[in-house]
Amino acid sequence: MATTTTTTKKRTTTTKPKTTTAKTESKVEPVVEAKIEPKKEKRKFADSDGIVCRSIVQGGLFMEGMKTHMLYEWVDYGDVTQVEYADLASAVRVKSPFVFSPLFIIDDEDFVEEFLQLKKFYTENYTTHDLEKIIMYPEDRMEEEIIALPKSAKESLKVIAASSITDGVLDSMRKIQKLDELLGTNLNLLAEFKN
């Protein structure tokens, strides 16, 4: 007896999805990239690190370090001496008149940032009104006053000087050139543009 095999063929159908042609408006959103500046790490000082201090008194100035008992000397107004961190930090903590009268200016922003009472002292003692007055002094006195300023006050003075030129309060080209020399600015370009 013979066997017969029947095969049934399964029918497969493929259905395509219906496509619709609808008009879609695509809005392109502008990509805004935020510029993130790296956070500046705080400088770590060793006790023996030298911190730049500039005399603002006429004639000689001497200070004995409270920790090291080293003798620091400034010969005349504007002289710069490096005071060891340990001695300077001690002077700040005991509110020494060398720092808070002041007899010298600390020219290290990292050091100033470390001591809140020192930062506050520098900020409060050099107000906008005081800095505006400096610009109005005769050239030689203006130069003396600017040299005696801490860096943070000099930065503020740059903005005040630019505003004074724009407002027409400061129009002496000699003074503007002197400010450029002392502050490292190009205020003379602003003055020329104004005229």
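## Overall layout

The protein chain holds nine helices and five strands. This is a predicted model. Read from the N terminus, the elements run β-β-β-β-α-α-β-α-α-α-α-α-α-α. The order opens with four strands, and two helices follow before the next strand. Seven helices then close the run.

The protein chain has 195 residues, and 33% of them are buried. Take the contacts between residues at least 6 apart in sequence: 54% of these join residues at least 24 apart.

## Aromatic pairs

How many aromatic pairs does a search of the whole structure find? The search gives eight. One of them joins Phe100 and Phe121. Their ring centres lie 5.2 Å apart, with 75° between the planes. That pair is edge-to-face, because planes over 60 degrees apart count that way. Phe100 belongs to helix H2 (residues 97–100). Phe121 belongs to helix H4 (residues 116–125). The two are 21 residues apart, and the pair links distant parts of the chain. Phe100 and Phe121 are both buried.

Phe111 and Phe115 make a pair of another geometry. Their ring centres are 4.8 Å apart and their planes meet at 40°, so the pair is tilted. Phe111 is buried, and Phe115 is too. These two rings also belong to a cluster: ring pairs link Phe45, Tyr85, Phe111 and Phe115.

## A charge over a ring

Tyr137 has a charged partner. Arg141 lies over the face of the Tyr137 ring, 3.9 Å from the ring centre.

## The largest pocket

The largest pocket has a volume of about 250 Å³. Ten residues line this pocket. Which of them are the closest to its centre? They are Lys42, Arg43, Asp110, Glu113 and Glu114.

Helix H3 (residues 109–114) gives the largest share of the lining, with four residues.

## Two buried serines

Ser55 sits in strand E1 (residues 50–55). Is Ser55 buried or exposed? Its relative accessible area is 1%, so Ser55 is buried. Setting aside neighbours within four places in sequence, Ser55 contacts Leu61, Trp74, Asp76, Tyr77, Gly78, Asp79, Leu103 and Phe104.

Ser164 sits in helix H7 (residues 151–166). Ser164 counts as buried because its relative accessible area is 11%, and the cut-off for buried is under 20%. With neighbours within four places in sequence left out, its contacts are Ile135, Val169 and Leu170.

## Thr185 in a loop

Where is Thr185 found? Thr185 lies in the loop between helix H8 (173–183) and helix H9 (187–194). Although in a loop, Thr185 is buried, because its relative accessibility is 15%.

Beyond residues up to four places away in sequence, Thr185 touches Lys158, Leu179 and Asp180. Asp180 also makes a polar contact with Thr185, side chain to side chain, at 2.6 Å. Lys158 is 27 residues from Thr185 in sequence. In space, their C-alpha atoms are 7.5 Å apart.

## Two loop residues with positive phi

Most residues other than glycine have a negative phi. His69 and Lys95 are worth a look on this point.

His69 has a phi near 60°, a positive value in a residue that is not glycine. His69 lies in the loop between strand E2 (61–64) and strand E3 (71–74). With a relative accessible area of 53%, His69 is exposed.

Lys95 is not a glycine, yet its phi is positive, at about 55°. Lys95 lies in the loop between helix H1 (85–93) and H2. Is Lys95 buried or exposed? Its relative accessible area is 54%, so Lys95 is exposed.

Terms used: Residues numbered from 1 in each chain as written. Predicted model: local features only at pLDDT ≥ 70, side-chain atom pairs only at ≥ 80, totals over all residues. Heavy atoms only, no water. Phe/Tyr/Trp six-rings, centres within 6.5 Å; stacked < 30°, edge-to-face > 60°. Buried < 20%, exposed > 50% of the residue type's maximum accessible area, 1.4 Å probe, protein only. Lys NZ or Arg CZ within 6 Å of the ring centre and 35° of its normal. Contact = heavy atoms within 4.5 Å. Polar contact = N/O pair within 3.5 Å; in protein donor to acceptor, adjacent residues only side chain to side chain. 1 Å grid on protein atoms, 1.4 Å probe; cavity = no way out; pocket = protein on both sides within 12 Å on 5 of 7 lines; lining within 4 Å. Points joined across faces, edges and corners; volume = space filled by probe spheres on them.
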